[in-house]
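Me: Could you take a close look at one part of this protein for me, the side-chain packing, and then add whatever stands out around it? I'd like one connected walk-through rather than a list.

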Amino acid sequence: MIGDNFGYLWIGTSTALVRWKPGSSTSYELPGLKSNVALAGINALAATPDGSVWAGISNSGRGLGLQQWVNGTWRTLITTTLDSSTLNAYALWLDRHNALWIGTEGNGIYRVHDGKVDRFRSADGLSSDTTEGFFEDREGNLWLTTAEGVDCFRDIPVVNFSVREGLTRDSVDSILAARDGTIWIGNYEGLDYVRGDVVSSIGPKNGLPGSHVTSLFEDHAGRLWVGLDNGLFVYERGRFRPIQRRDGGAIGVVTEMIEDVDSCIWAVVVRAGPENPVGLVQIQDGRFATEIADERLDIPISLAGDPEGGLWLGLRKGGLARYRNGQLQIFPLKNTNAQVLQVLAKSDGSVLAATTDGLVERRGETQYALDHHNGLPCDRTYAIITDKYSNLWLYTECGLILIKSDDLQQWRGHPDLKVRFDLFDAYDGAQPYLADFKPRATRSNDGRLWFANGTVAQIIDPDRLFRNSIPPPVHIEEVIADRKNYPSQNGLRLPALTRDLEIDYTALSFVVPQKVQFRYKLEGHDREWQDPQTRRQAFYSNLRPGNYRFHVMASNNSGVWNEAGAELDFNIAPAYYQTTWFRGLCVFAFFTLLWAGYQMRVHQLQEQEKKFRDAVETMPALAFVADPNGNSTFLNRGWLEYTGLSSEQASGSGWEKAIHPDDLKRVTERWLASRTTGQPLDYEARLRRGSDGVYRWFQTRARPLRDNRGQIVKWCAVANDIEDRRHAERLQADLTHASRVSTMGELVASISHELAQPITATTNNARASLRWLQHDPPDLTQVRKGTERIIEAGTFASEIINRLRSLYKKALPKRELVAINEVIGEMAGMLRSEARRHGVSIYTDIKDDLPMTVADRVQLQQVLMNLMMNGIEAIKDSGGMVMVKSRLGEDGQIETSVNDTGPGLPVGKADQIFDAFFTTKPKGSGMGLAISKSIVESHGGRIWANGDGGRGATFHFTLPAAPAETSPPVDAA
């Protein structure tokens, strides 16, 4: 029983076919069954769109088997290969393409479509030759049950053309679509050709002058060029004409042929023997013209005519070559190991090369590669061809790859782009392999693409790619947690501490199940969609307790996605230590311990602060703390008791009340400078004692305390009483001054002699000027010269007096930048007259470019005067030399030495000479060297002597070099 498109219900009985619908019925007797009432009758029906009905009968014979009811009459289907009355028809099915499928008992199945009949038996892979029933699913797959199993038939885009379709043998090495619509197939033992639906062959028995067809080519005149065995022939008007070399020999095995713009035929030939095994042959006007021999060609394996003239060659060792006007140019590929299997020269000047390492396009002087880096599934490309829509097809080792023209243009603009493509692989019927000869790919007039794979010809029709538009239903099958299976139902609750989780899923698409792709995402864990490709399991480990939703989607073989997919909600229970109450308890315990630790730390800090405060309060110094602005925030007991101020009176800037008014401005300026620069503070000032109002000198040192960012948070300072030290310094200054005065007393005669010189010069120049004025007329030029000499002598005398005044003057020390070489020069000039009076010479050896030092100039003069006078004193009876030197020491300090040629230092007493009151002179005070030592050490230097072995004595002293940023003068107070 079956229904048709017109609302009728057809029922098969033991003798007739009944058409029924509510209110009426009609019976059509089947003559074959009427005369054989013992038969089972009609057991299969199929209604066609045109209203006819096919009836299947399990018995064969006249009027039996398969019969068709058409317009009130019964017909038997008779073709050249089938008489339907001979069948034992057990099952019928009319598919969506209106093809009739016939299932038989013992004879396999038949497919009838557009008058063509195909038959499938167990020898073709059917599970049994006895069919029980058919079913077509929503994707167009046809399922049939047999006595031994279930089989599935589906449309595939790539179909084979082989011996089954009428070829001589399954050894297809080349294929060519001619302009007249003929498909020529190079086969073994035959040149096969297809015209329309008829397959024919030219073999050795009907005119083929050989057995193995190699390469094929059609020239501009429509002539067919055929490589055959070891030669080349032109097939024209049913006859084969050989092309031979000039010596009459065979041209060789032809692997490929092309025609250039000058209508010359070029062929790659291979010959046996070690000499010239491969050559490039030119044929002009149907005759052998020349052979190109160039060792750079190596082994050309592909050719293409250049639209601009000449030809392009693909080489076996990774390169392209262009031959034009007798000149050969080689263009190596980036991958020199790649073989060029086909070349395609385009009218825009670009060249496409199918290589073993992908597709290479040469544009101008630049090469671009299209390979797995652009997303292609494989690189090895056997052939390339374009369809009638200008889409590019790659015949690769993994199948046929279709790149649409728009996507190809997009890649040309962005060569690093991932390119979109469609792949037709083995699941779609593709059986790619490298055929030995060319062409390997061709396009027929109806748009179909033909490929030779060395065995069969394969065909794909770009207009019939059987795109599957039905998204596949998705189903979550099972959940496996720690090797235990759970049903895939929403609300699934998994046990605590689940470590390994597997979720199995599938999609119901039976066109090509192997090409179904999946994506999944576990909400609550995955941030992005996961891409397992064709894998049908998702794996997770060590998921945290909580609620999750697993979402999976799938696409069919044509890339159509079911984005709704399937979802599964599940929960993983927490362990006791993963529960909220346990975590809350842990947080409470943590904060309790933290509070206890905080209280303990506060207590420790309070104890430490008390100890520190006690230490500060009892320390024998005045201590205080100030904020970043210099306002006091803490003053210790000693400071308050000394000044007599209370904490409230001294807070903020109240501490300034204790500073002597004469020192206050200097102190506040120092504080302001240190707050601005952040440098430590060190100053001396007088503080008033609160008990009696007496001011005493204190030295205050303050250091900044910084936070982690380097910002000053407070100043810590301490003040020490230096009144006694200041008193001692004043006494020492008085003693130093007395020493200088005493020394100057010894220089009176020398100084008088030195002053006499400028005074005498002044007198003489004055007298000379008077004589010049008495001339008639007065000689004013000479008077001017005399007057200038008087001024010079007066200036010289003034300098001598100023030097004496600086040494006699009693003043506080003043530190300033001093050049030691200048001080040496001054003292050498001052003492030179005294030295000459005793027959002593003074020499200097000073080092240029010495750095400056920060010192009191008068005190340095005193040190040098003491040392040089000691040298003069030591050799005044015998005469001699005093040498003063300066240099930069290895430690970076400035070193000065004074050497004499006298008897040297007293033996065994070199360590005592700097002690106070120690002297070797009968009338000496014993204070000169002691004062010199005190001065040098107060400047941060040291002084020593050597020469206790006779042959003169040498005194050395060093001074620190001034830093570059020093800005003197600096008030020593």
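Reply: Here is the packing, followed by the disulfide and a few backbone oddities.

First, the ground rules: this is a predicted model, where local features need pLDDT of at least 70 and side-chain atom pairs count only at pLDDT 80 or more, while totals for chains, interfaces and linings use all residues. Residues are numbered from 1 along each chain as its sequence is written, and side-chain values use heavy atoms, with hydrogens and water left out.

Let's start inside. The largest nonpolar core has 38 residues. Such a core is a set of buried Ala, Val, Leu, Ile, Met, Phe, Trp, Tyr and Cys residues joined through side-chain atoms within 4.5 Å; buried means under 20% relative accessible area, exposed means over 50%, and partly exposed is in between (1.4 Å probe, protein chains only). Ile842, Leu864, Met868, Ile872, Phe955 and Phe957 have the most contacts inside this core. At least two core residues come from each of the helices α10 (820–837), α11 (857–874) and α12 (928–938), and likewise from each of the strands β59 (840–845), β61 (880–888), β62 (894–900) and β64 (954–959). Helices (H or I, at least four residues) and strands (E, at least two) are DSSP runs, numbered from the N terminus.

Zoom in on Leu864: leaving aside residues up to four places away in sequence, Leu864 touches Val823, Ile824, Met827, Thr896, Val898 and Phe957, with contact meaning heavy atoms within 4.5 Å. There is also a second, separate core of 26 residues, including Leu494, Ala507, Leu522 and Ala538.

Now the rings. The count comes to 32 aromatic pairs, where rings of Phe, Tyr and Trp (its six-membered ring) pair if their centres lie within 6.5 Å, and planes under 30 degrees apart count as stacked, over 60 as edge-to-face and the rest as tilted. One of these pairs is Tyr520 with Phe550, which is tilted, at 5.6 Å centre to centre and 35 degrees between the planes. Tyr520 is in β48 (517–523) and Phe550 in β51 (546–555), so to speak a link between distant parts of the chain, 30 residues apart. Both Tyr520 and Phe550 are buried, and they belong to one aromatic cluster with Tyr505, Phe518 and Tyr540.

Charges turn up over rings too, by the rule that NZ of Lys or CZ of Arg is within 6 Å of the ring centre and within 35 degrees of the ring normal. Arg519 lies over the face of Trp561, at 4.1 Å from the ring centre, and Arg942 has its charged end over the ring of Trp944, 4.0 Å from the centre.

On to the cysteines. There is one disulfide, counted as a pair of cysteine sulfur atoms within 2.5 Å: Cys378 to Cys398, S to S 2.1 Å. The torsion about that S-S bond is about -70 degrees, so the disulfide is left-handed. Cys378 is in the loop between β36 (366–370) and β37 (381–386) and Cys398 in the loop between β38 (392–396) and β39 (399–403), so the bridge ties together parts 20 residues apart in sequence. Cys378 is buried at 9%, whereas Cys398 is partly exposed at 22%.

Last, the backbone. The peptide bond from Lys438 to Pro439 is cis, omega near -5 degrees, and Pro439 is found in the loop between β40 (422–424) and β41 (441–443). Asn71 has a positive phi, near 50 degrees, in the loop between β7 (66–70) and β8 (73–76), and is exposed at 75%.
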